[in-house]
Amino acid sequence: MNPTTSKTPIAPTAEGDGEKAADRPDKAAIEAEGERTVSDGSGLDADADRGSDLDHDLEDDLEGDLEDDDSDRAPAGLAAAAAAVVATGLGVVGLTGAWTGRVVAERETLLGQMKTASGGSVTRQISEIYGDAWHSTALVNGIFALLALLVGVFALVRPAFGAPAKDPQPGWVRAVATAGIALGVLGVLISVGMYFDLIVALPAASAAAG
């Protein structure tokens with residue numbers, strides 16, 4: 001026996017073990033790469049950036065929903081439109097008269113008849129029975145016309161007050177409000193002229209005697 005020969009058995013080695021060991025990633029290198037990522041904070045920064053982007057998207061969506069919400073503008077536009085229609089209606093009533101004016105006129109006529117029942121001059125009878133009823137009707141119509149004027153002005157200037165609206169006031173609202181203002185001004189002028197006998201004067205006693 002050769003004394004220099006080693007008695008330790010040598011384990012057989014497969015042909016592909018060397019290649020697999022070379023291709024297998026180094027565990028120490030992977031751990032070192034993870035430590036560098038954590039120490040640099042790049043992974044955390046990326047997550048934080050994604051979270052910040054999501055927050056910004058949610059805020060933009062919420063702001064867009066609030067801007068598209070017409071609940072605040074709807075009452076303002078509805079009030080202006082309603083005021084314009086009401087102004088036109090009041091202007092028509094101020095020109096044509098209302099049942100309240102007739103009731104007031106009949107009351108004044110009755111009071112005049114009661115005052116002159118015991119006698120009186122023709123001038124007094126004309127003034128108490130006819131003139132007071134005439135003036136009362138003109139006064140009531142003038143009040144309606146003045147209300148039409150005020151409500152029409154409110155309908156026109158309403159967008160200038162409060163929160164600014166995104167959309168301008170519709171054209172038909174401005175047109176109807178302007179019509180109400182015109183009718184109101186005309187009704188006030190006619191009522192003032194009739195009340196002070198500027199348009200048509202009361203009958204004179206001399207004309208009745210003749």
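Tyr130 and Trp134 both sit in helix α6, which covers residues 122–157, and they are four residues apart, about one turn of the helix. That pair makes a good starting point for a tour of this structure, which is a predicted model.

**The chain as a whole**

The chain has eight helices and zero strands. Reading along the sequence therefore gives the pattern α-α-α-α-α-α-α-α, in which each α is a helix by the DSSP assignment. Of its 210 residues, 19% count as buried. The chain exposes about 14,800 Å², and carbon and sulfur atoms supply 64% of that area. If you look at contacts between residues at least 6 apart in sequence, 81% of them join residues at least 24 apart.

**Aromatic pairs**

Back to the rings we began with. The structure holds two aromatic pairs. In one of them, the ring centres of Tyr130 and Trp134 are 5.4 Å apart and the planes meet at 75°, so this pair is edge-to-face. Its two members differ in how much of them is covered: Trp134 is buried, with a relative accessible area of 12%, whereas Tyr130 is partly exposed at 46%. Tyr195 and Phe196 also form an edge-to-face pair, with 5.1 Å from centre to centre and 80° between the planes. Here Tyr195 counts as partly exposed, at 35% relative accessibility, and Phe196 counts as exposed, at 53%.

The two pairs can be read together in a small table.

| Aromatic pair | Centre to centre | Angle between planes |
|---|---|---|
| Tyr130 and Trp134 | 5.4 Å | 75° |
| Tyr195 and Phe196 | 5.1 Å | 80° |

**Salt bridges**

How many salt bridges does the count come to? It comes to two. One joins the side chains of Glu108 and Arg107, at 3.6 Å from N to O. Glu108 is buried, with a relative accessible area of 18%, while Arg107 is exposed at 53%.

Lys115 forms a salt bridge with Glu128, and the closest N and O atoms of this pair are 3.6 Å apart. Lys115 belongs to helix α5 (residues 99–115) and Glu128 to helix α6, so this bridge ties together parts that are 13 residues apart in sequence. Lys115 counts as partly exposed, at 44% relative accessibility, whereas Glu128 is buried, with a relative accessible area of 17%.

**A closer look at helix α5**

Several of these residues bring us to α5. At 1.5 Å a residue, its 17 residues should span 24 Å, and the end C-alpha atoms are indeed 24 Å apart, so the two values agree.

Which residues of α5 are buried? They are Gly101, Ala105, Glu108 and Gly112. Viewed down the axis of α5, the buried residues fall within an arc of 65°, so they line one face of the helix. What do these buried residues pack against? Their partner is α6, the helix that also holds Tyr130 and Trp134.

On the other side of α5, the exposed residues are Trp99, Arg102, Glu106, Arg107 and Met114. The salt bridge between Glu108 and Arg107 thus links a residue that is buried in α5 to one that is exposed on its other side, because Arg107 has a relative accessibility of 53% and the cut-off for exposed is over 50%. Helix α5 is also joined to α6 by the Lys115 and Glu128 bridge, and the buried residues of α5 pack against that helix.

How values were computed
Residues numbered from 1 in each chain as written. Predicted model: local features only at pLDDT ≥ 70, side-chain atom pairs only at ≥ 80, totals over all residues. Heavy atoms only, no water. Helix = DSSP H or I, 4+ residues; strand = E, 2+ residues; numbered from the N terminus. Buried < 20%, exposed > 50% of the residue type's maximum accessible area, 1.4 Å probe, protein only. Contact = heavy atoms within 4.5 Å. Areas by Shrake-Rupley, 256 points an atom, 1.4 Å probe, with all protein chains shown as cover. Phe/Tyr/Trp six-rings, centres within 6.5 Å; stacked < 30°, edge-to-face > 60°. Salt bridge = Lys/Arg side-chain N within 4 Å of Asp/Glu carboxyl O. Expected span 1.5 Å × (residues − 1). Arc of directions from axis to C-beta.
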